[in-house]
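Open your viewer, switch on a cartoon view and keep the selection box handy. We will walk through this model stop by stop.

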Amino acid sequence: MVQSSIVIPTNSSVASSKRAVDETEDKTTENEKPQEIKRPRLEINEAGRNRNKRLFGVLLGTLNKFKDDTEQTSEVDKKRREINQKLQEKLDSEKRAILEKIEARKLEKERMEQMKKKEEEKIIAEKKELFEVEQKKMLANFLKTTTEPNLYYLPDKLTDEMSQTIEKQVQDALAAKRSFEGRREMRMQDSRDDDKLSDNEDD
């Protein structure tokens, strides 16, 4: 008869084995960490320092040149803006002057047209008045009926009353003509004065 035996580990034995495995893994992990690479300290000799100074000088000179160019460009832009502003002000002033001239010419044209219209009206009225004066003068030597329309006639023989009527009509016609000529002369004088005043304004 074969005897068999089963060994049941205790809880303490299992825990000890587990700790041993963990410690082994930790050691393995520590051994696998890459070692830090230390960079060698650069030894700079006198020639290297001089070279670095030259490079720094070149860099500083470049920065200063850029600064000077920037300041110069800003000054040029400022002057350009000032010139453009002055040109714009000059253009605005010239534009206003042109608009004022156009408006003045427009007003002058309207004034001349009004004067021309008034002059034409005066001429028409004067011609009408002259026609009436001449017609009155021509008809003054005739008698007229009291009916409408008036008929003008001249009898072969005139009575004293008829002669006096004709004489009065002639005198009235002459007075009307003298009055007309006086008014026409005054209008002509006023027109000449207006022309002189207009010429002085133009000057």
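## First stop: an acidic residue and its partner

Select D77. With a relative accessibility of 29%, D77 counts as partly exposed, because that value falls between the 20% limit for buried and the 50% limit for exposed. Keep in mind as you look around that this is a predicted model.

Now add R80 to the selection and show both side chains. D77 and R80 form a salt bridge, and their closest N and O atoms are 2.7 Å apart. R80 is partly exposed too, at 43% relative accessibility. Both residues belong to helix α2, where they sit three residues apart, or about one turn of the helix.

## Step back: the whole chain

Zoom out until everything fits on the screen. How many helices and strands does the protein chain have? There are three helices and two strands, and they follow the order α-α-β-β-α along the sequence.

Try a surface view next. The protein chain exposes about 19,300 Å², with carbon and sulfur atoms supplying 55% of that area. Of its 203 residues, 5% count as buried. Among contacts with a separation of 6 or more, 55% join residues that are 24 or more positions apart.

## Along helix α2

Select residues 46-139, which make up helix α2. Here is a small check you can do with the distance tool. At 1.5 Å a residue, the 94 residues of α2 should span 140 Å, and the C-alpha atoms at its ends are 138 Å apart, so the two values agree.

Which residues of α2 are buried? Colour G48, E129 and V133 to find them.

For a contrast, select F56, which also lies in helix α2. F56 is exposed, with a relative accessible area of 53%. Add L59, L60 and L63 to the selection: together with F56 they form a nonpolar patch on the surface, with about 410 Å² of accessible area in total.

## Where α2 meets α3

Travel along helix α2 to E129. Is E129 buried or exposed? E129 counts as buried, because its relative accessibility is 18% and the limit for buried is under 20%.

Show the side chain of R183 as well. E129 and R183 form a salt bridge, with their closest N and O atoms 1.7 Å apart. This pair links distant parts of the chain: E129 is in helix α2, R183 is in helix α3 (residues 160-202), and their positions lie 54 residues apart in the count along the chain. R183 is partly exposed, at a relative accessible area of 33%.

Which residues does E129 contact, leaving aside neighbours within four places in sequence? They are F180, R183 and R187. You can also draw a distance from the C-alpha atom of E129 to that of A176: the two are separated by 9.8 Å, although the residues are 47 apart along the chain.

## Along helix α3

Stay with helix α3 and select D172 and K168. Their side chains meet in a salt bridge, at 3.2 Å from N to O. D172 and K168 are about one helical turn apart, because they are four residues apart in helix α3. D172 counts as partly exposed at 32% relative accessibility, while K168 counts as exposed at 54%. In total, the structure holds five salt bridges, and you have now visited some of them, including the one between D172 and K168.

Next, select Q169, another residue of helix α3. Leaving out residues up to four places away in sequence, Q169 touches L139, A140 and F142. Look closely at F142: its backbone oxygen lies 2.6 Å from a polar atom of the Q169 side chain.

## Last stop: a cis peptide bond

Finish in the loop between β1 (143-144) and β2 (152-153), where you will find P149. Show the backbone atoms of E148 and P149. What is the form of the peptide bond from E148 to P149? This bond is cis, with omega near -10°.

If you would like one more look, return to E129 and R183 and view their salt bridge from a few angles, with helix α2 on one side of the pair and helix α3 on the other.

Note on methods
Residues numbered from 1 in each chain as written. Predicted model: local features only at pLDDT ≥ 70, side-chain atom pairs only at ≥ 80, totals over all residues. Heavy atoms only, no water. Patch = residues over 30% accessible without salt bridge, like charges linked within 9 Å, V, L, I, M, F, W, Y side chains within 5 Å. Areas by Shrake-Rupley, 256 points an atom, 1.4 Å probe, with all protein chains shown as cover. Salt bridge = Lys/Arg side-chain N within 4 Å of Asp/Glu carboxyl O. Buried < 20%, exposed > 50% of the residue type's maximum accessible area, 1.4 Å probe, protein only. Contact = heavy atoms within 4.5 Å. Polar contact = N/O pair within 3.5 Å; in protein donor to acceptor, adjacent residues only side chain to side chain. Expected span 1.5 Å × (residues − 1).
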